[in-house]
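Here is a short briefing to read alongside the model. Have the sequence and the structure open as you go.

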Amino acid sequence: MRTVQSNRNVVYDCKYHVVFCPKYRRKVLVSPVSDRLKELFAEKARELEVTISSMEIMPDHVHLLIQCDPQFGIHRAVKHLK
């Protein structure tokens, strides 16, 4: 069943697939770095009041499935997470 969220102006169910890659797609996101990166993403998501539905960190890229308020804007969430 789909759940929708709302605020004063809109009812929404927006999910965004975001992919981050390190420069030159180098394989730098290995065990100690990836664990810390997960913590940082979770902390920043709480600050921004966005929800990270799914997160997968590969050695050379990161996949995030983010839910956020469309009035806040996905561009702001991605800017802060980067």
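The notes below go from the annotated region to one helix, the core, an aromatic pair and two backbone details.

Please keep in mind that this is a predicted model. A good place to begin is helix α1, which runs over residues 31-48 and gives the largest share of the largest nonpolar core, four residues. One of the residues buried in α1, F41, also takes part in a stacked aromatic pair with F20.

**The annotated region**

- An unreviewed UniProt entry carries the annotation "domain: Transposase IS200-like" for residues 11-82.
- Over residues 11-82, helix makes up 36% of the chain and strand 29%.
- The C-alpha atoms at the two ends of this stretch are 27 Å apart.

**Helix α1 and its two sides**

- With 18 residues, α1 reaches 26 Å from its first C-alpha to its last, close to the 26 Å expected at 1.5 Å a residue.
- The buried residues in α1 are S34, L37, F41, A45 and L48. They sit on the same side of α1 because they cover an arc of only 65° around the axis.
- Turn to the other side of α1 and you will find P32, R46 and E47 exposed.
- Which elements do the buried residues of α1 pack against? They pack against the strands β3 (15-20), β4 (51-57) and β5 (62-67), and also against α2 (74-81).
- S34, found in helix α1, counts as buried because its relative accessibility is 10%, under the 20% limit. Not counting residues up to four places away in sequence, S34 touches L29 and I57.

**The largest nonpolar core**

- This core has 17 residues, and those touching the most other members are F20, F41, V50, V62, L64 and I66.
- The elements giving two or more residues to this core are β3, α1, β4, β5 and α2.
- As general background, nonpolar side chains in soluble globular proteins tend to be buried together.
- I66 is worth a closer look: leaving aside its neighbours within four places in sequence, I66 is in contact with C14, K15, Y16, V18, V50, T51, I74 and L81.

**The aromatic pair**

- How many aromatic pairs does a search of the whole structure find? It finds one.
- The partners are F20 and F41, stacked at 5.9 Å centre to centre with 20° between the planes.
- The pair links distant parts of the chain, since F20 is in strand β3 and F41 is in helix α1, 21 residues apart.
- Are these two rings' residues buried or exposed? F20 counts as buried at 11% relative accessibility, and F41 counts as buried at 5%.

**Positive phi outside glycine**

- R25 has a phi near 50°, a positive value in a residue other than glycine. Its place is in the loop between β3 and α1, and R25 is partly exposed, with a relative accessible area of 43%.
- E49, which is not a glycine either, has a positive phi of about 60°. You can find E49 just after α1, in the loop between α1 and β4.
- With a relative accessible area of 73%, E49 is exposed.

Note on methods:
Residues are numbered from 1 along each chain as its sequence is written. This is a predicted model: local features need pLDDT of at least 70, side-chain atom pairs count only at pLDDT 80 or more; totals for chains, interfaces and linings use all residues. Side-chain values use heavy atoms; hydrogens and water are left out. The expected span of a helix is 1.5 Å times one less than its number of residues. Buried means under 20% relative accessible area, exposed over 50%, partly exposed in between (1.4 Å probe, protein chains only). The arc is that of the directions from the helix axis to the C-beta atoms. Contact means heavy atoms within 4.5 Å. A nonpolar core is a set of buried Ala, Val, Leu, Ile, Met, Phe, Trp, Tyr and Cys residues joined through side-chain atoms within 4.5 Å. UniProt positions are given in the numbering used here, feature names are shortened, and annotations may be inferred rather than shown by experiment. Rings of Phe, Tyr and Trp (its six-membered ring) pair if their centres lie within 6.5 Å; planes under 30 degrees apart count as stacked, over 60 as edge-to-face and the rest as tilted.
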